[in-house]
Amino acid sequence: MGVKADFKNTTFDSIIAALKAKKCDAIISGMNDTAERRKQVDFTDYLQVGQSLMVKKGNPSHLSNLASLAGKSVSVESGTTNRDFLAAQSAKLVKAGKKAINIKTFPKDTDAASALKAGRTDAYFGDSPVAAYYVAKDKAFAIGGSPIAPLNIGIAIRKGDPLRAATQKAIAAIYKSGSMKKIVAKWGMSHAVTLLK
């Protein structure tokens, strides 16, 4: 896009508010493009991503799907669709006569992963690329089961901001040149994400 990026880390549960208050120009954070969020921001989608369970190496609690989480403690980042999805699944388990998922939320995703490593939770639930990255970096972790409920992720822009058109053009160029496929492969994420084009 011909501009220099200035990255500002923001807690996820206040990230849309920061964008709307013009504390940043875009959200580039693996944000799921949901109908609820589209009421507040515009999206330029660039990948489709599922969510994954991350467990301790060897998967001592044998966690491989959502049903296996009944009665287990699971760490997740606050303010995310992952947290909302987990809460909805927990309610379904209870309705089916099973134990609820003990959801433990953390302000930062790294804190949620650390809780699993420290043995404070039985599993971590987050976006598949993030879980795959943690597993690649720390052999204490493993993935439990297959990716769950894939959703489009995108770059969020303020409603009506002309930056959206420039962002769409840039993402289209990245796909056309083959760069998106190369980036996904470079980070070892080919099995964790789906290209959109």
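The accessible surface of the chain comes to about 10,900 Å² in this predicted model. Carbon and sulfur atoms account for 55% of that surface. Of the 197 residues, 42% count as buried.

The secondary structure consists of seven helices and seven strands. Read from the N terminus, the elements follow the order α-β-α-β-β-α-β-α-β-α-β-α-α-β. The radius of gyration is 17 Å, close to the 16 Å that the globule rule gives for 197 residues, so the chain is as compact as a globular protein of that length. Along the principal axes, the C-alpha atoms fill a box of roughly 50 × 35 × 30 Å. Contacts between residues at least 6 apart in sequence were also examined. Of these, 73% join residues at least 24 apart.

The interior was examined next. The largest nonpolar core has 15 residues. Within this core, L66, L69, V74, L86, I101, A123 and F125 touch the most other members. Several elements each supply at least two residues of the core. These are the strands β2 (41-56), β3 (73-77), β5 (123-127) and β6 (141-158), together with the helix α3 (81-95). A second core, separate from the largest one, has 14 residues. Among them are V49, Y175, M180 and V184.

L66 illustrates the contacts made by a member of the largest core. Neighbours within four places in sequence are left aside here. L66 is then in contact with F85, L86, Q89, L93, F125 and I148. Two of these partners, L86 and F125, are themselves listed with L66 for touching the most other core members.

The loop between β2 and β3 holds two residues with notable backbone angles. N59 lies in this loop, and so does H62. Neither residue is a glycine, yet the phi of N59 is positive, at about 45°, and that of H62 is positive too, at about 55°. Their exposure contrasts. N59 has a relative accessible area of 17%, under the 20% cut-off, and therefore counts as buried. H62 has a relative accessible area of 64%, over the 50% cut-off, and therefore counts as exposed.

Nonpolar side chains also appear on the surface. Y133, I183 and W187 make a nonpolar surface patch of about 320 Å². W187 sits in the loop between α7 (179-186) and β7 (193-195).

Notes:
Residues numbered from 1 in each chain as written. Predicted model: local features only at pLDDT ≥ 70, side-chain atom pairs only at ≥ 80, totals over all residues. Heavy atoms only, no water. Core = buried A, V, L, I, M, F, W, Y, C linked by side-chain atoms within 4.5 Å. Buried < 20%, exposed > 50% of the residue type's maximum accessible area, 1.4 Å probe, protein only. Helix = DSSP H or I, 4+ residues; strand = E, 2+ residues; numbered from the N terminus. Contact = heavy atoms within 4.5 Å. Patch = residues over 30% accessible without salt bridge, like charges linked within 9 Å, V, L, I, M, F, W, Y side chains within 5 Å. Areas by Shrake-Rupley, 256 points an atom, 1.4 Å probe, with all protein chains shown as cover. Salt bridge = Lys/Arg side-chain N within 4 Å of Asp/Glu carboxyl O. Rg over C-alpha atoms; globule rule 2.2 N^0.38 Å.
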